[in-house]
Amino acid sequence: MPISEEDIDATILDRAINDASDQTVRAVLKSICAKSDEARKEAENQLLVSATETESSDKNKRRVPRYAFCVNCEKEFDVTTKTEKNCRYHPEQSEPTGEALFVDNWDECDVDTDEMRENFPECFTFECCEGNLRDNPDGCVTDFHQEQYPGGRPAKRSKAF
Ligand SMILES: [Zn+2]
Ligand SMILES: [Zn+2]
C-alpha cells in the first residue's frame with residue numbers, strides 16, 4: 001500500500017515533536033489550546049484530575065494538575081496513583097567515600113559530581129542506609145510520591161553540601 005501524503009506529514013510532525021525542546025513543545029501546546037476549544041478540553045482531560053474530596057469545603061469540583069514531580073525520587077508521577085507506595089528513594093544524599101575516588105583523581109579537587117557518580121557508583125555511600133550507589137541506586141525507603149508544590153512548578157531538591 002502506498003504511503004499517503006497525510007501519513008508522511010504525520011511522520012514528519014512526529015519527528016518534529018521529538019526533536020523540539022520541552023520549551024518549544026510547551027509553547028506550541030499552549031498556542032493550540034488558545035486557538036481551539038476542543039484542543040483545550042482534550043488537554044484538560046489528559047493533564048488535569050478532580051481534586052480529592054479531602055477538600056470538601058470546596059463545593060465546586062476543582063481540578064488540579066495530573067502530573068507532578070516527586071520531591072523524594074525526583075521523578076514525574078501521576079497524582080492519581082498516589083494511593084500506592086511506589087516511590088523509592090534515599091532520604092539522605094550520597095557522599096563520596098570510596099578511596100579509589102581520591103587515588104584516581106588526586107589532581108581533581110571536586111569528586112562530588114554527577115559525572116563521578118556515574119563512573120564510580122561503588123564509591124558513593126548513602127548516609128541513610130550505608131548502601132552504595134552501585135548496589136542500591138533506587139533507594140532504601142518505599143513511600144508515596146510527594147509533590148513539592150501541589151499545583152506549582154517542579155523544583156529539584158537542593159543538594160546538601
Ligand atoms: Zn538509603
Ligand atoms: Zn517519588
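The protein chain holds five helices and eight strands, and the model shown here is a predicted one. Read along the sequence, these elements follow the pattern α-α-α-β-β-β-β-β-β-α-α-β-β. Of the 161 residues in the protein chain, 9% count as buried, and among the contacts with a separation of 6 or more, 49% are between residues that stand 24 or more positions apart.

Two of the helices, α2 and α3, pack against each other, and the table sets out where each lies and which of its residues take part.

| Helix | Residues | Residues meeting the other helix |
|---|---|---|
| α2 | 22-35 | Leu29, Ile32 and Cys33 |
| α3 | 37-47 | Ala39, Arg40 and Ala43 |

How are these two helices, α2 and α3, placed relative to each other? Their axes are 5 Å apart and the packing angle is about 125 degrees, which makes α2 oblique to α3, because an angle that is neither under 35 degrees, nor over 145, nor from 65 to 115 is counted as oblique. By class, the contact of α2 with α3 has five nonpolar residues, one charged residue and no polar ones.

Helix α2 can also be considered by itself. With its 14 residues, α2 reaches 20 Å from its first C-alpha to its last, which is close to the 20 Å expected at 1.5 Å a residue. Is helix α2 buried or in the open? Of the 14 residues of α2, the number buried is zero, so this helix lies largely in the open.

Definitions and conventions
Residues are numbered from 1 along each chain as its sequence is written. Chains are lettered from A and ligands numbered from 1 in the order in which they are written. This is a predicted model: local features need pLDDT of at least 70, side-chain atom pairs count only at pLDDT 80 or more; totals for chains, interfaces and linings use all residues. Axes are lines fitted to C-alpha atoms, for helices over the stretch in contact, and angles run from 0 to 180 degrees between N-to-C directions. Helices (H or I, at least four residues) and strands (E, at least two) are DSSP runs, numbered from the N terminus. Two residues are in contact if their C-beta atoms, placed from the backbone, lie within 7 Å. Ala, Val, Leu, Ile, Met, Phe, Trp, Tyr, Cys and Pro count as nonpolar, Asp, Glu, Lys and Arg as charged, and the others, Gly among them, as polar. A residue is buried if 20 or more other C-beta atoms lie within 10 Å of its own, exposed if 12 or fewer, and partly exposed in between; C-beta atoms are placed from the backbone. The expected span of a helix is 1.5 Å times one less than its number of residues.
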